[in-house]
Amino acid sequence: MSLAIQFADITAAAARLTGHAHRTPVLQSQTVNERTGAQVFFKAENFQRMGAFKFRGAFNALAQFSPAQRARGVIAFSSGNHAQAIALSARMLDMPSVIVMPQDAPSAKVAATRSYQQGRTASEVVLYDRYTQDREAIGRELAQARGMTLIPPFDHPHVMAGQGTAALELVEQTADGGPLDALLVCVGGGGLISGCAVAATQLNPGIQVWGVEPAAGNDTQQSLAKGEIVRIKTPQTLADGAQTGALPPSCPHQA
């Protein structure tokens, strides 16, 4: 089966991110090691620009826009972190952005997204009701109407490749201790684990990759069991980034 991305896409993304993304630290906790009976490494992506790994994929995607795409700008839908990442990346690359966010998104994330867009009069935040409205449809309609390029939060090869650079760095940063036995990756839409799985298994074929998601929003677990993408109702969970269903197999976007 052909994958959406290859290891070469991740190394190319790493080159694009050099000088723009932070090489985040790898931390350890003696308490966690003692309780698990293992040596556990934490890739501290909370120290990434705008506070999350999402910057990696967003910047990698926008950095590959043509001059015409940059002039028209980018549109994205997100509950918060992808929104901030796209807004910040767009500002850094001098292009307008429109971000579709749920009206009940954390106010700090909405405010941060708007602050990243300052100075671009063509940029804006569009709010919607996550329980009654379809953010994908809103994003597609706005992209078509305004001629902007839609970059989804996870179902896009450039986003996946950018997120995979987190695992690339992790393996490099822990190399002195020998190969990692397992990689645990949080799963929302699947972009992070997609990129990280490609990077980690290329560098260490024997590694086990485990996805971790809220029990109330286990669409990935259900999808793996059924062998096809399963869409679920918007879950009620404290993990606001997981309060969405899965995208259909082919998310339309202008590449």
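**Exercise 1. Burial and overall form**

Task: State what share of the residues of the protein counts as buried, and judge how compact the protein is.

Solution.
- Start with burial. In this predicted model, 48% of the 255 residues count as buried.
- Next, take the secondary structure. The protein has ten helices and eight strands.
- Now test the compactness. The radius of gyration is 18 Å, close to the 18 Å from the globule rule for 255 residues, so the protein is as compact as a globular protein of that length.
- Add the outer dimensions. Along the principal axes, the C-alpha atoms fill a box of roughly 55 × 40 × 40 Å.
- Look at the surface. About 12400 Å² is exposed, and carbon and sulfur atoms supply 53% of it.
- Finish with the contacts. Take those between residues at least 6 apart in sequence: 68% of them join residues at least 24 apart.

**Exercise 2. Helix α7**

Task: Describe the span of α7, its ends and what covers its buried residues.

Solution.
- Set the limits. Helix α7 runs over residues 135–146, twelve in number.
- Check the span. From first C-alpha to last, α7 reaches 16 Å, close to the 16 Å expected at 1.5 Å a residue.
- Inspect the N-terminal end. Asp134 caps it. A side-chain oxygen of Asp134 lies 2.9 Å from the backbone nitrogen of Glu136.
- Inspect what follows. Gly147 comes after α7 and has a positive phi, near 70°.
- List the buried residues. They are Arg135, Glu136, Ala137, Ile138, Gly139, Leu142 and Ala143.
- Find the cover. It includes strands β3 (74–77), β4 (97–102), β5 (124–128) and β6 (149–150).

**Exercise 3. Gly73**

Task: Is Gly73 buried or exposed, and which residues does Gly73 touch?

Solution.
- Locate the residue. Gly73 sits in the loop between α4 (67–72) and β3.
- Apply the cut-off. Buried means under 20% relative accessible area. Gly73 has 0%, so Gly73 is buried.
- Name the neighbours. Leaving out residues up to four places away in sequence, Gly73 touches Phe65, Pro96, Met148 and Thr149.
- Gauge a distance. The C-alpha atoms of Gly73 and Asn218 are separated by 33 Å, with these positions 145 residues apart along the chain.

**Exercise 4. Cysteines**

Task: How many disulfides does the structure hold?

Solution.
- Count them. The structure holds zero disulfides.
- Check Cys186. The nearest cysteine sulfur belongs to Cys196, 8.4 Å away. A disulfide needs sulfur atoms within 2.5 Å, so Cys186 is in none.
- Check Cys196. The nearest cysteine sulfur is that of Cys186, and Cys196 is in no disulfide either.
- Compare accessibility. Cys186 is partly exposed at 47%, whereas Cys196 is buried at 4%.

Definitions and conventions
Residues numbered from 1 in each chain as written. Predicted model: local features only at pLDDT ≥ 70, side-chain atom pairs only at ≥ 80, totals over all residues. Heavy atoms only, no water. Helix = DSSP H or I, 4+ residues; strand = E, 2+ residues; numbered from the N terminus. Expected span 1.5 Å × (residues − 1). Buried < 20%, exposed > 50% of the residue type's maximum accessible area, 1.4 Å probe, protein only. Contact = heavy atoms within 4.5 Å. Polar contact = N/O pair within 3.5 Å; in protein donor to acceptor, adjacent residues only side chain to side chain. Rg over C-alpha atoms; globule rule 2.2 N^0.38 Å. Areas by Shrake-Rupley, 256 points an atom, 1.4 Å probe, with all protein chains shown as cover.
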